[in-house]
Amino acid sequence: MLDLSSLPLLKPELLLSAEPLPPPPPGPVRFAMPDWPERERPTVLRECLARLGLRYEIEQLRDVPFHVDFSLNPLPGLVMGMGSMHGSSNRRTRKHVEDSTDDAVLIVNLRGQHLIEQRDKELVLGDGEAAFVSAADPSCFTHKPPGTMIALRFPKARFAPLLRDPDGCYMRRIGGDSEGLKFLTSYLGLSWDRRTTTSTELQSAMVNHVFELMSIMAGATRDAGHAAEEGGLRAARLHLIKQDIAENLDQFDLSVTALASRHRCTPRLLQRLFEAEGTTFTEYVLAQRLAWAHRALVDPRRARVKISTLAYDCGFSDLSYFYRVFRRHYGVSPSDVRAQVRWNTVEVGRPRG
């Protein structure tokens, strides 16, 4: 799971205040209550959620620590929650849902047994499994430690036209081996990126892709499935491939064939994903390696490491080729970059007369 500990903290004291809530800060926020006595936390959580428009009865479980630390990321037409909440039984009664908007929720259980009760059904999600639930129906959620999850809340009215059987998708287990779920879970990491949260255009595109991926998981119509292939699935697959590249840049033999095999697609499909972004696989990998090498050259902690060693660490097997493409890309040689860093360090440390 992503490390979201540095996000702005939405303090319970602010939500419990009688004053009107101030406008939320742009982008995601984190909610936690480490300073509250454990016996008070269920009540505090219930009242805080009510101020956010989420009404639950919250009952602490016996012999299970009560813990809440999750982050909220509001996007246009989609609210994402990610984090941990365990040690309680969270129930929405008929009274709670009477005035609720007609929303749906996708729960992705990352870790810890998660019991969901709704529509006279019980569903226990294991690690990596998911399910759609209706926010307009009474329900109960019980999560055991470590209780980490992702929850997406969205309007049914936007989701239903994408599905063959809109009402039949709820309370059905989605296995952790589902390709659509794997793509979605990985792709959601982009929504916490600062560049996404500050760009209306990127937010809109991301939300569209998320709906397309969810429709694949829930049974998409023919048109929605085609849109997903061209939109959400393509974007999510490319994101996974880029993650794979980042993790293996130091490998000299990183190739289209190897990546395509790992991601269960053809080399030509993989190449087309990069071509759609106006580049090629080879150009993208080279740019990532050069950027990595540049960061290493300006890192004072690696000032004594030979340039040849840095080049090999970044996946360049031919030193002369590295020098040539580096100069072409940055307009200076690796030696020039390192010399400039050393000069700047001396200038900073030199006493002024």
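Strand E2 is joined to strand E5 (residues 88–92) by 4 bridges, and the two strands run antiparallel; within this pair, Glu57 has Arg91 of E5 as its bridge partner. The model in which these features are described is a predicted one. The pairing of E2 with E5 belongs to an open sheet of 5 strands, ordered E2-E5-E10-E7-E8 and paired in the antiparallel sense. At the edges of that sheet lie strand E2 (57–60) and strand E8 (121–125), each of which pairs on one side only, and from one strand to the next the twist averages 15 degrees.

A further open sheet is built from 6 strands in the order E1-E3-E4-E11-E6-E9, again with antiparallel pairing. Its edges are E1 and E9, and because each of these has a single partner strand, one side of each is left without a neighbour in the sheet. Here the twist averages 20 degrees from one strand to the next.

This sheet can be followed strand by strand, beginning at the E1 edge. Strand E1 (residues 29–32) pairs with E3 in the antiparallel sense over 4 bridges, and Val29 stands opposite Leu72 in E3. In a regular strand the side chains alternate between the two faces of the sheet. In E1, Val29 and Phe31 point one way while Arg30 and Ala32 point the other way, and all of these residues are buried.

The next step across the sheet leads from strand E3 (residues 67–75) to E4, where 9 bridges join the two antiparallel strands. The hairpin that E3 and E4 form has 2 residues between the strands, and in it Gly77 takes a positive phi near 80 degrees. Farther along the pair, Phe70 stands opposite Gly83 in E4, and Gly83 also has a bridge partner in E11, namely Met149. The pairing of E4 with strand E11 (residues 148–155) is antiparallel and extends over 6 bridges. How far is strand E4 (residues 78–86) enclosed by the rest of the structure? Of its 9 residues 8 are buried, and E4 is therefore largely enclosed.

Beyond E11 comes E6, and these two strands, which run antiparallel, are joined by 8 bridges. Leu106 stands opposite Leu152 in E11 at this pairing, and both residues reappear in the nonpolar interior described next.

In soluble globular proteins, nonpolar side chains tend to be buried together. In this model the largest nonpolar core has 37 residues, and those touching the most other members are Leu106, Phe132, Leu152, Phe154 and Met214. Two or more residues of the core come from each of E4, strand E6 (103–111), strand E9 (130–134), E11, helix H5 (179–187), helix H7 (200–218) and H9, with H7 giving the largest share, 8 residues. Helix H7 lies across E3, E4, E6, E9 and E11, and it runs at about 100 degrees to E11. Met214, neighbours within four places in sequence being left aside, is in contact with Leu106, Phe132, Leu152, Phe154, Phe159 and Leu184. A second core, separate from this one, has 26 residues, among them Val44, Leu45, Met85 and Leu125.

Which residues of H5 are buried? They are Gly180, Leu181, Phe183, Leu184, Ser186 and Tyr187, and the elements covering the buried residues of H5 include E6, E9, E11, H7 and H9.

The packing of H9 against two other helices completes this account. Helix H8 (residues 222–230) and helix H9 (residues 232–247) pack at an angle of about 30 degrees, their axes lying 3 Å apart, and that angle makes H8 roughly parallel to H9. Ala227, Ala228, Glu229 and Glu230 of H8 make this contact with Gly232, Leu233 and Arg234 of H9, so that, by class, the contact has 3 nonpolar, 1 polar and 3 charged residues. With helix H11 (residues 267–275), H9 packs at an angle of about 100 degrees and with the axes 10 Å apart; H9 and H11 are therefore roughly perpendicular to each other. In this contact, Arg234, Arg237, Leu238, Ile241, Lys242 and Ile245 of H9 meet Leu269, Leu270, Arg272, Leu273 and Phe274 of H11, and the residues divide into 7 nonpolar, no polar and 4 charged.

Key. Residues numbered from 1 in each chain as written. Predicted model: local features only at pLDDT ≥ 70, side-chain atom pairs only at ≥ 80, totals over all residues. Heavy atoms only, no water. Buried < 20%, exposed > 50% of the residue type's maximum accessible area, 1.4 Å probe, protein only. Pairing = 2+ DSSP bridges. Axes fitted to C-alpha atoms, helices over the stretch in contact; angles between N-to-C directions. Parallel < 35°, antiparallel > 145°, perpendicular 65-115°, else oblique. Contact = heavy atoms within 4.5 Å. Nonpolar A, V, L, I, M, F, W, Y, C, P; charged D, E, K, R; others polar. Core = buried A, V, L, I, M, F, W, Y, C linked by side-chain atoms within 4.5 Å.
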